[in-house]
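Biologist: Can you show me the model before we get into the holes in it? I have some short questions.

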Amino acid sequence: MVISTFYKMNQQLLKDTIAQLFAGNKGLLAMDESTGTCNKRFAAAGIPQSIEMRRKYRELIVSTPGLNESIGGAILFDETIRQQTSEGIPMAEALIKAGIIPGIKVDTGAKPMAGFPGEKITEGLDGLRERLAAYKLMGARFAKWRAVITIGAYIPTIASIKANVHALARYAALCQEAGIVPIVEPEVLMTGNHTMQQCYEVTEQVLKNLFNELYQFNIDLEGLILKPNMVIAGIESAHQNSIDEVATATVDCLRSSVPASVPVIAFLSGGQSPEDAVAHLNAINKNYRHHLPWMVSFSFARAIQQPALDSWKGQDANVEAAQKLLYARAKSNAAAMHGVYSAFSE
Ligand code: 13P
């Protein structure tokens with residue numbers, strides 16, 4: 001394969017960033033909810049939806065004592081990377097001081113795909129080269145782009161899969177050109193009543209298309225992080241599989257579609273409860289860790305943040321209690337990377 005000069009130049013930098021992110025078997029914390037998503041979660045928890053409350057909440061996260069024991073990198077949203085802590089320290093700098101590498105979500109959201117009812121295409125390629133350069137100056141060393149694939153009647157279509165993996169490949173190329181590690185996230189949603197087998201088939205199809213596209217776009221597979229969904233039945237499905245069944249289906253699916261040269265798989269939690277997400281990650285590592293070519297980690301948002309958000313309720317008096325919950329969930333997930341997590345020790 002012909003590798004473009006800029007990939008070669010950045011190859012070591014990308015590898016080093018990935019090694020640092022996951023050194024000591026840590027994972028990532030996604031705290032990059034868009035304003036709309038963050039407001040939705042605040043509304044559900046009875047928290048006022050203002051720019052200042054979002055800033056306070058993000059400060060609560062980045063100032064959690066000891067978070068770097070289990071979190072190597074945190075993904076910020078555009079609004080947050082431009083905000084400061086109450087002491088006037090930029091959020092990215094506060095993370096670096098806490099021993100956590102800052103990352104940035106660079107897609108501008110999944111929009112309805114014209115001509116394909118029920119399907120979405122993620123936007124954000126226009127001006128991305130310039131935005132990556134600006135984020136790099138603000139301290140970001142890795143980035144995230146999320147594509148969403150919905151399972152339903154006659155969907156996903158091949159057109160939506162192709163459009164989404166094409167955008168992911170062009171995003172990954174721009175990131176690698178900039179020396180920023182791309183997190184490539186093709187999320188097959190849990191929404192719906194599909195079976196685990198349907199999720200398996202769609203996830204496999206999406207990943208095979210994705211890696212074909214990444215290959216065609218000369219992407220350095222050793223210089224990216226894959227952030228997939230676990231293989232799991234839809235939330236509304238009457239039959240939910242056991243923890244071990246999900247672990248086995250997920251591993252089988254990834255083994256059939258993800259090249260061994262990808263260094264790390266960092267799962268999204270996708271709406272699973274914090275308990276289910278950590279139990280699945282634990283079972284994957286406990287049962288298969290020694291037989292997998294990639295490190296298997298996490299890049300959770302809800303499965304780490306939700307208990308802390310619910311306990312904070314927007315009140316200063318609850319910050320310490322919320323931080324303890326955040327710390328504990330991050331710790332449990334790091335333990336699951338070794339396959340030694342136990343619900344009883346939480
Ligand atoms: P969840 O873990 O809540 O799915 O979020 C991960 C994420 O970053 C989605 O893009």
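Modeller: The largest cavity has a volume of about 70 Å³. A cavity here is, on a 1 Å grid over the protein atoms alone, a set of points where a 1.4 Å probe fits but cannot get out. Grid points are joined across faces, edges and corners, and a volume is the space filled by probe spheres set on the points.

Biologist: What sort of model and numbering is this?

Modeller: This is a predicted model, where local features need pLDDT of at least 70 and side-chain atom pairs count only at pLDDT 80 or more, while totals for chains, interfaces and linings use all residues. Residues are numbered from 1 along each chain as its sequence is written, and side-chain values use heavy atoms, with hydrogens and water left out.

Biologist: Which residues line the largest cavity?

Modeller: Glu33, Cys38, Arg41, Phe42, Tyr57, Ala301, Arg302, Gln305, Gln306 and Leu309. A lining residue has an atom within 4 Å of a point. Helix 11 gives the most, with four residues, and helix 2 also supplies at least two. Helices (H or I, at least four residues) and strands (E, at least two) are DSSP runs, numbered from the N terminus.

Biologist: How many cavities of 30 Å³ or more are there?

Modeller: Two. The second largest has a volume of about 50 Å³. Its lining includes Glu187, Asn229, Leu268, Ser269 and Gly270, and divides into five nonpolar, four polar and one charged. In these classes Ala, Val, Leu, Ile, Met, Phe, Trp, Tyr, Cys and Pro count as nonpolar, Asp, Glu, Lys and Arg as charged, and the others, Gly among them, as polar.

Biologist: Switching to the ligand. Where does it sit?

Modeller: The ligand sits in the largest pocket. A pocket is an open set of points with protein on both sides within 12 Å along at least five of seven lines, and a molecule sits in one if more than half of its atoms lie within 2 Å of the grid points. About 920 Å³ of space lies in the largest pocket.

Biologist: And what lines the largest pocket?

Modeller: 38 residues, of which Thr37, Arg41, Arg146, Glu187 and Arg302 lie nearest its centre. The elements giving two or more residues to that lining are helix 2 (35–44), strand 6, strand 7 (181–188), strand 10 and helix 11 (302–312). By class, the lining has twelve nonpolar, twelve polar and 14 charged residues.

Biologist: How many residues surround the ligand itself?

Modeller: 13, and the closest are Lys144, Lys227, Ser269, Gly270 and Arg302. Near means that a heavy atom of the residue lies within 4 Å of the molecule. Four of the shell residues are nonpolar, three polar and six charged.

Biologist: Which side chains make polar contacts with ligand oxygens?

Modeller: Among them are Ser269, with a polar side-chain atom 2.4 Å from an oxygen atom of the ligand, and Lys144, where that distance is 2.6 Å. For Arg302, a side-chain N or O atom is 2.7 Å from a ligand oxygen. A polar contact with the ligand is a pair of N or O atoms within 3.5 Å. The ligand taken alone exposes 300 Å², and the protein buries 94% of that; accessible areas come from the Shrake-Rupley method with a 1.4 Å probe.

Biologist: Last topic, the backbone. Is the peptide bond from Ile155 to Pro156 cis or trans?

Modeller: Cis, with omega near 10°. Pro156 is in the loop between strand 6 and helix 7 (158–178). Most peptide bonds are trans.

Technical notes. Polar contact = N/O pair within 3.5 Å; in protein donor to acceptor, adjacent residues only side chain to side chain.
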